[in-house]
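Work through the following exercises with the sequence and the model open. Each task is followed by a solution in steps.

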Amino acid sequence: MRSVKADLARIPTHRLYGRVAAVQGLLIEIAGIEREVSIGSRLRVLGREGRSVKVEAVGFRGGRVLAMPFDSLEGVGIGCKAIVEGQDGFIYPDESWLGRVVNAMGEPIDGGPPLARGSVACALRQAPPPPQSRQRVAGKIDLGVKALNTFITCCRGQRMGIFAGSGVGKSVLMSMLARYTEADVSIIGLVGERGREVQEFIEDDLGPEGLARSVVVVSTSDEPPLMRRQAAYLTLTLAEYFRDRQKDVLCLMDSVTRFAMAQREIGLSSGEPPTTKGYTPTVFAELPKLLERAGPGTGAGSITGLFAVLVEGDDHNEPIADAVRGILDGHIVLQRAIAERGRYPAINILQSISRTMPGCNDEQENDLVRAARGLLSTYEDMAELIRLGAYRAGTDPKVDEAIRYYPALEAFLSQKKEERVTLAAGYAALADLLADGSQAQ
């Protein structure tokens, strides 16, 4: 929150400017104002033929400011004027933004009227609420996907990661969650997304009803890394705005990996040393700062965060996946082998976990989940022998039981994109499945 006096104090009383001294790739070196700016300062470079490019200071080297652009650098050359515009990392959201699609700068891109300017300035890089003041995660949230509702039950204010390789069904699962999850407001960040998929997601997956209670932030893969990074910051800032108005907010981001890649590009350009797989140290410093902003607030509002993680080469232990898994309150693993045999969503139940379970369930629900997980685990342990025909029926009663239940459990875990299953219906269906199998013995 910022007062009117604080807003007025940020208006500069005079203008400072330097000159472009060098351009290398996406990095601009600006001379003459190195003592007047700091990391995060915004500048406007006046290019040739009247073109203007907004840039941000990302570092210093040899007495010059290192800056990166929010747009193309066409028309920018040696000697171009760079005007200091101050620390512009604020946005002025309003409840009337619901139903709109915006870019990383908070500007409408849906062809609608200009957005109303709110009365309160919200920082794009807001610190998370103090841990001792936050409410506890409590109360189950209905995600509308029965595999998640039963085996990986989530609570309001929980933060979950969806880990998947490319082409495994991550986007489809995210679209189901956007449409079916119970929440007052949905803030959806499409960070580094394919441009052709944006309109499909808004029209086919969200639909008019879903969009009416959502704000969609879009930064496509062809945009500069500063825009992709800022789209992630803006997504969390909007979620915090509605949370502070006592709303239960669903924050969906696809994907955290592309945010990390954008930060890697920024870090490497400014001279940071690369570490594992080229990721710079600031990537691993920025991830918890971003993800910790989701969760319960200090009042009645909460942010339930569902963050997609695109694992490179199907390696679920690659650096970003490993770092994010340690920060969040659980993880949902999508597996290519499951998708290849035609079961969607391709969730590997045994590798997925919710850190609020079993505490959020009653004893009967925990017994159901424990029994079903045991059957799946027993079958997977012997799956290779069963598929090869090397297992003989009657050798082990537990394996025989798992084989008997397995087709029904696979069918239970499958769900069509257009189908919504509530929490109560999911547990009832699982109870019926296990009861039917025990009666058939």
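**Exercise 1. Classify Leu234 as buried or exposed, and describe its surroundings.**

Solution. The model is a predicted one. Leu234 has a relative accessible area of 0%. Buried means under 20% relative accessible area, so Leu234 is buried.

Next, place the residue: Leu234 belongs to helix α5. That helix, residues 225-243, has 19 residues. From its first C-alpha to its last, α5 reaches 28 Å, close to the 27 Å expected at 1.5 Å a residue. Of the 19 residues of α5, 19 are buried, so the helix is largely enclosed by the rest of the structure.

Then list the contacts. Leaving out residues up to four places away in sequence, Leu234 touches Ile91, Val102, Asn103, Ala104, Gly106, Leu124 and Val217. For a distance across the model, take Val23: Val23 and Leu234 are 211 residues apart in sequence, and their C-alpha atoms are 28 Å apart in space.

**Exercise 2. Compare the span of helix α4 with that of a straight helix, and find where α4 bends.**

Solution. Start with the span. Helix α4 covers residues 195-212, and a straight helix of 18 residues would span 26 Å at 1.5 Å a residue. The end C-alpha atoms of α4 span only 22 Å.

Now look along the helix for a bend. At Leu206, α4 bends by about 95 degrees. A proline, Pro208, follows within four residues.

Finally, sort its residues by burial. The buried ones are Glu197, Val198, Phe201, Ile202, Asp205, Leu206, Gly207, Gly210 and Leu211. These buried residues pack against β8 (100-102), α3 (170-180), β11 (185-193) and β12 (214-220). Arg196 is also found in α4, but this residue is exposed, with a relative accessible area of 56%. The C-alpha atoms of Arg196 and Pro274 are separated by 32 Å, with their positions 78 residues apart along the chain.

**Exercise 3. Describe how helices α7 and α8 cross, and which residues make the contact.**

Solution. First take the axes. Those of α7 (residues 281-291) and α8 (residues 319-327) come within 10 Å and cross at roughly 35 degrees. The crossing is right-handed.

Next, name the residues on each side. Helix α7 contributes Val283, Phe284, Leu287, Pro288 and Leu291. Helix α8 contributes Pro319, Ile320, Ala323, Val324 and Ile327. Sorted by class, the contact has ten nonpolar, no polar and no charged residues.

**Exercise 4. Determine which of the classes buried and partly exposed fits Thr304 and which fits Ser166, and list their contacts.**

Solution. Take Thr304, in strand β15 (residues 302-310). With a relative accessibility of 3%, Thr304 counts as buried. Setting aside neighbours within four places in sequence, Thr304 is in contact with Ile141, Cys155, Arg156, Gly157, Gln158, Val249, Leu250 and Cys251. Val137 is 167 residues from Thr304 in sequence, and the C-alpha to C-alpha distance is 9.5 Å.

Turn to Ser166, which lies in the loop between β10 (159-164) and α3. Its relative accessible area is 46%, and Ser166 is therefore partly exposed. Not counting residues up to four places away in sequence, Ser166 touches Leu310 and Arg336. The C-alpha atoms of Ser166 and Gly313 are separated by 8.4 Å, although 147 residues apart along the chain.

**Exercise 5. Examine the backbone for positive phi at Glu49 and Asp314, and for cis peptide bonds.**

Solution. Begin with the background: most residues other than glycine have a negative phi, and most peptide bonds are trans.

Check phi. Glu49 has a positive phi, near 60 degrees. This residue sits in the loop between β3 (42-46) and β4 (52-61). Glu49 is exposed, with a relative accessible area of 86%. Asp314, which is not a glycine either, has a positive phi of about 55 degrees. Its place is in the loop between β15 and α8. Asp314 is partly exposed, at a relative accessible area of 33%.

Check omega. The peptide bond joining Asp254 and Ser255 is cis, with omega about 5 degrees. Ser255 is in the loop between β13 (248-254) and α6 (256-269). A cis bond also runs from Met357 to Pro358, where omega is near 5 degrees. Pro358 falls in the loop between β17 (353-354) and α10 (363-381).

Methods. Residues numbered from 1 in each chain as written. Predicted model: local features only at pLDDT ≥ 70, side-chain atom pairs only at ≥ 80, totals over all residues. Heavy atoms only, no water. Helix = DSSP H or I, 4+ residues; strand = E, 2+ residues; numbered from the N terminus. Expected span 1.5 Å × (residues − 1). Bend = angle between axes of the 7 residues up to and from the residue. Buried < 20%, exposed > 50% of the residue type's maximum accessible area, 1.4 Å probe, protein only. Contact = heavy atoms within 4.5 Å. Axes fitted to C-alpha atoms, helices over the stretch in contact; angles between N-to-C directions. Left-handed = near helix turned anticlockwise from the far one by under 90°. Nonpolar A, V, L, I, M, F, W, Y, C, P; charged D, E, K, R; others polar.
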